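This report introduces selected features of the structure to a reader who has not met it before. Please consult the sequence and the model while reading.

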Amino acid sequence: MSHASSTPPRLSACPALSRIVDARDGGLCRVKLPCGELRADQAFALADAAETHASGIIELTNRANLQLRGVRSGEASALIERLLRARLGPQLGEAGEDGDIARDVALGQRLAAADDVRNLMTNPGAGRDAYASYDTRPLAREILNMLQYAPRFAALSPKFALLLDGGERLAVLDHSHDIWLCAMPPEDAQAWFAFGLAGRPSTEQRCAIGAVRDVDVPALVRALIETFLDLAEPHETRLRETLARCGIDAFLDRLHAHVACPVRNGDDRAVSAWRRTPAEPSLRFGAHEQRTRGFWHVGAQPALGRIDPATLRGLARLAQDCGDGIVRMTPWQSVLLTDIASEAVSRVEAGLDAVGLLRDAAHPLARTIACAGSPGCSKSHADTKADALALAALLPDDVEVHLSGCVRSCAAAHCAPYTLLAVERGRYDLYRRSVPPDLDGENEPARSARIASSTDDALAARRFGRRIATHLTIEEAAVALGTAARRSDPHA
Ligand code: SF4
C-alpha cells in the first residue's frame, strides 16, 4: 500500500483559500465553489474582501471557481477569516470558522487539505437544464462532504479531479478527469451512472468501464479513490499515471476489495452501448428556457475571465432581484443566472450589458481566452491579457484562440482550436488543434518528432496540437489565424 491511512496531507504549491501563493502582483487566493455556485450574500462578502485585502481583480477559472489576485502583504489572515465567515471554504465547524489561521498552523493545514480535495465539477445548468437526465447537485454535496472529511483523502493532489455529469446540454466534455460519472437515461424508474477513469465521457465511442445506481455513486467514488491510494506510487498524483503503470485490470481487481454495491461492468449491453449525448457549449450565452417552463437561464462572459468587485456586486443584485439569488460560474470563465421568469429576461439582459459582460458568442472577446500572463505571473513570457485585447480588435470571424504565457495552460484545461504560446515579449508561436492533411508536405510524425526536441516543445505539442507558425507579433498572428482558418475550412 503506497499511501497508508496515516499519510500526512500532500504538500502543494497550488493556491487555495487558506494557502495564499505569492505571484508577482501579490498573493493569489483561490476560492472553490461547490457546483460553481456563489450565493448573493457570499458574492457581496467576496467583493468586499477583494477590495479590502487584495487588488480587486477577481478571476474566473476553468474549473468554475474564483481567485483573488494581489492579496496584500500582511492581509492574508484577515482575508481568509472573512471568506470562511462567508462560508466560502471547507466547513470544519466552529474551529474552522473562529480559529486564528495566522497562529494555528495545524488548523491552516487542515483547512488547506480539506479544500484541496474539493475538486468535483458539475455542469453549470445542473438542476435546471431542460435536457438533463438527473439533478446532480444533492449527490455532489454528499460527495464533497465525504471528500473533505475523510482524513485519508488529504493525500490526494489538488489536481485530482472528478466530474459528476447529469447529461446537461450545457456541458464541458473536453476536460479530462481522474474519475467521471455521467447519468444514463433512466431505466425502469431507476437512475444509473456510467463511469470512467482518466478521461472524459465520449459522444462517439464506447468509454464507460461500468455503471452503478445513483444511490451508490458516493460509495463507488470512495472505493475508486481508496483503490487509487492503495496502488499509487508516491510520485503518482493522477490516476492516468497509476493506470499506465499497473493497468486497468489490476486496478479493477483491487477495486472489488473496496466496493460493496452492485456494479455493472463495461461488457454489460447497456453500458457498452451507452454514449454521452452531445453538448452545446454555445448555450452559455444568452437566454434559454429551463426544464420548468416559463423560467430561463441567462449567460454572459466577462472579457478575458476577469471582473472587479463592482461587477460582482452587480451580478449578485441581478440574481437576487430577478432569479434564485445565486451566481453560477462556468468552466468557460463565464456566468449563468438561473430561475429568471420570462418577464424578467430582458431586465437581466440589460443588467448584464450594464455591468459590461458579453452576451454575444460572436464577439471577438467571447472567442478569446488568456492566462494571467506578465506582469502578474513570473513564468509568463508576455503580457497575454494586453496582447489578447489587441488581438481581439483584429481577430478574424469564427476563430477561437487561447493566449498562453507558458506551456502550463492555466486558462484552458481543454485544447482550443488555436493557441498562441508566448515565446518572448509580444511574440508568439501559433498552434492548431486539429490536423487536416498536411499543408506544407511534411508528414506529421516527422514534424512532431522535430518539434518535440525539447521538453517544453513536447508538452506544447501534446497540449496545443501542431505548431504552424513561429515568433509572430500580434498583427502577424491575426493574419496567420485568418489564413489558417480559411485553409482548414472546406467551404472556403
Ligand atoms: S499559463 Fe504559465 S504564464 Fe500563464 S498564468 Fe499559468 S503559469 Fe503563468
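## The open sheet

In this predicted model, 5 strands form an open sheet with mixed pairing, in the order 17-18-19-20-21. Strand 17 (368–370) and strand 21 (466–472) each have a single partner strand, so they stand at the edges and one side of each is left without a neighbour in the sheet. From one strand to the next, the twist averages 20°.

Strand 21 is joined to strand 20 (residues 427–432) by 4 bridges, and these two strands run antiparallel. Within this pairing, Y431 stands opposite R467 in strand 21.

## The helix across the sheet

Helix 12 (residues 384–392) lies across strand 17, strand 18 (401–404), strand 19 (418–424) and strand 20. Relative to strand 18, helix 12 runs at about 150°.

## The surroundings of the ligand

The ligand is surrounded by C371, A372, C377, S380, S404, G405, C406, R408, S409 and C410. By character, the residues of this shell divide into 5 nonpolar, 4 polar and 1 charged.

## A buried loop residue

A155 belongs to the loop between helix 5 (137–149) and strand 7 (162–165). Is A155 buried or exposed? The relative accessibility of A155 is 2%, and because buried means under 20%, A155 counts as buried.

A155 can also be placed with respect to T237: the two residues are 82 residues apart in sequence, while their C-alpha atoms are 9.2 Å apart in space.

Key
Residues are numbered from 1 along each chain as its sequence is written. This is a predicted model: local features need pLDDT of at least 70, side-chain atom pairs count only at pLDDT 80 or more; totals for chains, interfaces and linings use all residues. Side-chain values use heavy atoms; hydrogens and water are left out. A residue is near a molecule or strand if one of its heavy atoms lies within 4 Å of it. Ala, Val, Leu, Ile, Met, Phe, Trp, Tyr, Cys and Pro count as nonpolar, Asp, Glu, Lys and Arg as charged, and the others, Gly among them, as polar. Buried means under 20% relative accessible area, exposed over 50%, partly exposed in between (1.4 Å probe, protein chains only). Two strands pair if DSSP finds at least two bridges between them. Axes are lines fitted to C-alpha atoms, for helices over the stretch in contact, and angles run from 0 to 180 degrees between N-to-C directions. Contact means heavy atoms within 4.5 Å.
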